[in-house]
Amino acid sequence: MSLLRASPSIYSSVSSRLLKLSIFLLLGLPDSKGKAIWTAHLNITFQMGDRIISKLGESGVFGNHSPLERVSGVLVLPEGWNQNACNPMTNFSRPEQADSWLALIERGGCTFTHKINVAAEKGANGVIIYNYPGTGNKIFPMSHQGTENIVAVMIGNLKGMELLYLIQKGVYVTIIIEVGRIHMPWMSHYVMSLFTFLVATITYLFLYCAWRPRMPNSSMSRRRQMKADVKKAIGQLELRVLKEGDRELDPIENNCVVCFDTYKPQDVIRIITCKHFFHQACIDPWLLAHRTCPMCKCDILRT
Ligand SMILES: [Zn+2]
Ligand SMILES: [Zn+2]
């Protein structure tokens with residue numbers, strides 16, 4: 001019974017916690033600072049022997065201050081011992097025949113704004129910055145205020161190293177950067193909150209509806225089981241038919257406490273485990289209703 005009483009409070013507390021959580025998430029929505037992120041498709045073309053290889057993939061993101069434009073050109077590395085283009089004197093080994101070129105620069109050493117400006121001043125039509133070593137394919141929209149006239153895209157370190165390796169081998173790599181899709185982090189936050197809210201509400205309603213019919217059902221089935229156990233226990237109690245000379249017939253010592261009548265020969269008596277006896281017709285309905293001996297209260301299910 002204690003379990004039964006505890007269960008509704010458990011389910012209501014779980015449901016109310018879920019509701020509180022989803023309301024909290026929804027209230028947190030205006031605080032989320034997610035901005036729209038634009039992905040960049042990089043169409044990379046290069047020649048390997050006699051074959052021209054072309055790769056298209058959504059492998060970059062536009063910087064927060066980059067124009068969202070299509071730009072193309074041959075990919076060019078900074079000259080010198082490092083690839084970060086932080087030195088304002090950095091030159092780019094641009095092929096003579098290339099009209100349009102994009103700088104491939106490594107992240108780090110100075111701000112994004114700084115290195116983008118260095119490339120822009122040398123005439124780059126766009127800048128591709130690859131992430132730090134060890135960051136795999138991780139990318140994020142860069143912040144580079146003050147460079148709003150040149151397309152700037154970030155790509156993952158692995159992709160950057162792949163391109164760097166090709167160019168260092170002398171391969172002529174051209175890239176077309178195209179505007180991909182928009183991603184809105186706050187939108188996924190909103191969808192998640194809404195989803196949580198809906199799940200919490202549905203769970204709450206489900207438990208609320210499902211609980212009520214189950215309460216009487218479970219108590220009814222337990223009552224039925226109890227009745228069956230009592231019936232079985234009664235059936236196992238001893239029965240006797242009284243005959244002349246039995247000491248149970250002594251009207252001074254014995255009478256049935258249910259009907260207050262004395263016992264007579266041929267009466268059928270039921271003997272309970274406590275050794276008290278009664279007319280079978282009197283005690284069986286009593287036991288079915290009370291389970292206990294009317295004289296000593298012994299429980300027929302416990303003995
Ligand atoms: Zn009786
Ligand atoms: Zn008894």
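**The zinc site in a predicted model**

Let me begin with the zinc ion, ligand 2, whose protein donors are Cys274 through SG, His276 through ND1, Cys293 through SG and Cys296 through SG, lying 2.0 to 2.3 Å from the ion. Please keep in mind, as we go through this, that the model is predicted. If you look at the angles among the four donor atoms of the zinc ion, ligand 2, they run from 101 to 115°, and the site is tetrahedral. For comparison, the ideal angle for four tetrahedral donors is 109.5 degrees.

How are the donors of the zinc ion, ligand 2, spaced along the chain? They follow the pattern C-x1-H-x16-C-x2-C. Within that pattern, Cys274 and Cys293 are 19 residues apart and link distant parts of the chain, with Cys274 in the loop between strand E9 (268-271) and strand E10 (277-279), and Cys293 in the segment after helix H5 (280-290).

Is Cys293 buried or exposed? Cys293 counts as buried, because its relative accessibility is 0%, and buried means under 20% relative accessible area. Cys274, with a relative accessible area of 23%, is partly exposed.

Let me now step back to the protein chain, which has five helices and 10 strands. Of its 303 residues, 37% are buried, and the chain exposes about 18200 Å², of which carbon and sulfur atoms supply 58%. Finally, if we take the contacts between residues at least 6 apart in sequence, 64% of them join residues at least 24 apart.

Definitions and conventions. Residues are numbered from 1 along each chain as its sequence is written. Chains are lettered from A and ligands numbered from 1 in the order in which they are written. This is a predicted model: local features need pLDDT of at least 70, side-chain atom pairs count only at pLDDT 80 or more; totals for chains, interfaces and linings use all residues. Side-chain values use heavy atoms; hydrogens and water are left out. Helices (H or I, at least four residues) and strands (E, at least two) are DSSP runs, numbered from the N terminus. Buried means under 20% relative accessible area, exposed over 50%, partly exposed in between (1.4 Å probe, protein chains only). Contact means heavy atoms within 4.5 Å. Accessible areas come from the Shrake-Rupley method with a 1.4 Å probe; for residues, only the protein chains shown count as cover. Donors are N, O and S atoms within 2.8 Å of the metal (3.2 Å for Na, K and Ca); water is not among the atoms, so sites may look incomplete. Four donors count as tetrahedral if all angles lie between 85 and 135 degrees; four count as square planar and six as octahedral if opposite donors are over 155 degrees apart and all others between 65 and 115; anything else is irregular.
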